[in-house]
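Let's take a walk through this one, strand by strand and helix by helix. Have the structure open and turn it as you read.

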Amino acid sequence: MGSLTHKWLTHMLTDTKIRTLKPRETAYRVADTNGLCIEVRPSGAKAWRYRYRHAGKPSIITMAEYPAMGLAEARAERDRLRALVKGGGNPANAARIERAAKIEQAETTFGAIASELLAKRAKEGLSPGSVKRERRLIEKDMAAVSGMPIADVTAPLLLASLRKLEKRGVVETAHRARSFAGRVFRYAIATGRAENNPAADLAGALEQPQTKHFASVTDPAKIGDLLRAMYSYRGSPVTVAALKLAPMLFVRPGELRKARWADIDLGAPEWRFTASKTGTPHIVPLSSQAKAILEDLRPLTSRSEFVFPGVRSAKRPMSENTINAALRYLGFNGDTITGHGFRAMARTVLDEVLGFRPDFIEHQLAHAVRDPLGRAYNRTAHLAERKKMMQAWSDYLDGLRLTANVVPIRRRAG
């Protein structure tokens with residue numbers, strides 16, 4: 001068959017004879033019986049092949065490599081294919097269908113779909129560190145279900161996999177894995193490869209991790225010291241701008257670093273995006289100070305989609321560790337302040353020093369705030385008051401940074 005010339009030997013094969021077959025300059029075949037033969041290639045590789053006739057035409061297909069498939073297995077497979085031919089079937093078509101089914105099954109495992117989603121999120125700006133953590137979830141922490149067709153992954157099977165993480169004492173990882181699995185199932189449903197999300201059924205089934213609060217600074221005098229140090233930072237203009245805006249806007253660190261110019265309206269001025277925690281639309285009014293920082297930054301990064309592009313590629317946002325690394329460089333360790341800690345700072349001081357209503361603050365923190373009837377407020381709720389609050393907050397931070405006169409926190413009784 002094909003351009004190769006083949007010399008045929010027609011003796012019944014044995015394992016000993018097969019092992020002694022030596023490669024030649026061209027491929028050759030040694031026949032067994034009833035259409036089965038073994039092909040010896042110039043490379044020394046050996047493969048089982050089956051010759052048959054379908055619709056009056058001679059055909060030949062490759063069955064498997066030797067010795068992965070032994071002689072007895074090859075004869076059994078030949079007999080199966082002979083029966084298929086006698087019934088009017090074509091082994092070549094059957095092989096193509098089988099290969100397609102195997103490919104489809106491989107592409108619809110939990111791990112394959114999870115990897116597909118992860119690649120999509122990486123293109124959309126997921127940090128390399130997060131990609132690495134989620135890759136570990138797929139390949140190690142959830143290995144028990146990664147190789148299974150996603151339609152076969154039930155809530156009990158998923159829970160059993162997560163329980164193993166609990167037993168190892170990594171409860172937070174177990175919760176992160178459940179959350180990750182939920183995203184994978186939602187993506188699979190959206191792409192027509194799953195019908196339900198068993199991860200959602202496991203809400204409350206896992207042991208709750210101990211709450212760990214993010215380190216923060218809430219004493220006004222110490223906030224002033226922190227701000228003066230931050231404004232002395234001499235890193236890249238992108239990092240400097242992010243460092244200045246972090247306490248001023250007090251959004252979640254991931255939301256800040258992934259900010260897009262398309263979502264920022266300096267004329268309004270405000271920043272509109274979808275809150276990462278709740279998945280709901282959110283508005284951040286921009287104070288005059290925040291607007292000025294963004295106006296200065298825009299000529300430097302406007303060619304990028306991201307307000308704070310990464311150092312290595314403008315197609316990605318800056319690293320999730322950038323702000324924390326800058327704080328460490330300035331001498332503030334993780335037990336003192338983190339990028340997330342600016343939220344606790346704003347919540348405490350806006351309430352206990354500046355006296356703003358807690359519901360205004362919660363709205364601005366993009367927390368799920370509900371009205372007396374239990375309905376979620378929309379993103380424009382109390383927007384006028386929140387604009388005043390954000391300007392007052394920026395003015396207050398400037399006052400702490402530029403003067404030593406601070407208003408102490410009023411500690412509530414009880």
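Start at D265, whose bridge partner in β7 is E270. Helices and strands here are DSSP runs, numbered from the N terminus: H or I of at least four residues for a helix, E of at least two for a strand. Before going further, note that this is a predicted model, in which local features need pLDDT of at least 70, side-chain atom pairs count only at pLDDT 80 or more, and totals for chains, interfaces and linings use all residues. Residues are numbered from 1 along each chain as its sequence is written, and side-chain values use heavy atoms, with hydrogens and water left out.

The D265 bridge belongs to the pairing of β6 with β7 (residues 270-274), which is antiparallel and has 2 bridges. Two strands count as paired if DSSP finds at least two bridges between them. Zoom out and you see an open sheet of 3 strands in the order β6-β7-β8, with antiparallel pairing. The edges are β6 (264-265) and β8 (281-285), each of which pairs on one side only. Helix α16 packs on this sheet, where it touches β7 and β8, and its direction makes about 45° with that of β8. Contact here means heavy atoms within 4.5 Å, while axes are lines fitted to C-alpha atoms, for helices over the stretch in contact, and angles run from 0 to 180 degrees between N-to-C directions.

Now look at the loop between β6 and β7, where P269 lies. The peptide bond joining A268 and P269 is cis, with omega about -15°. There is also a cis bond from Y66 to P67, with omega near 15°. P67 sits in the loop between β5 (57-66) and α2 (71-86).

Next, go to β3 (residues 36-40). How many of its residues are buried? The count is 5 of 5, where buried means under 20% relative accessible area, exposed over 50% and partly exposed in between (1.4 Å probe, protein chains only). Both faces of the strand are covered, with L36, I38 and V40 on one side and C37 and E39 on the other.

As a reminder, strands of a sheet pair through backbone hydrogen bonds, either parallel or antiparallel. β3 pairs with β2 (residues 28-31) in the antiparallel sense over 4 bridges, and V30 stands opposite I38. β3 also runs antiparallel to β4 (residues 46-54), joined to that strand by 5 bridges, with E39 opposite A47.

The two hairpins each have a turn residue to check. Between β2 and β3 there are 4 residues, and N34 takes a positive phi near 55°, in a residue other than glycine. With 43% relative accessibility, N34 counts as partly exposed. In the hairpin of β3 and β4, 5 residues lie between the strands, and G44 in the turn has a positive phi of about 100°.

On to the helices. α9 (residues 220-231) has 12 residues, which at 1.5 Å a residue should span 16 Å, and its end C-alpha atoms are indeed 16 Å apart; the expected span is 1.5 Å times one less than the number of residues. Its buried residues are P220, I223, G224, L226, L227, A229 and M230. They pack against α10 (237-249), α13 (322-329), α14 (341-352) and α16 (383-402).

Follow that contact into α10, where 11 of 13 residues are buried, among them V240, L243 and A246. Its 13 residues should span 18 Å, and the end C-alpha atoms are 18 Å apart, in agreement. α10 packs with α12 (residues 288-301) at an angle of about 155°, the axes being 10 Å apart. That makes the two helices roughly antiparallel (angles under 35 degrees count as roughly parallel, over 145 as roughly antiparallel, 65 to 115 as roughly perpendicular and the rest as oblique). The crossing is left-handed, meaning that the near helix is turned anticlockwise from the far one by less than a right angle; clockwise would be right-handed. At this interface, P237, V238, A241, K244, L245, M248 and L249 in α10 meet Q289, A290, I293, L294, L297, L300 and T301 in α12. After α10 comes F250, with a positive phi near 40°.

Finish in the loop between α15 (358-364) and α16, at A366. Here too phi is positive in a residue other than glycine, near 60° for A366. Is A366 buried or exposed? With a relative accessible area of 6%, A366 is buried.
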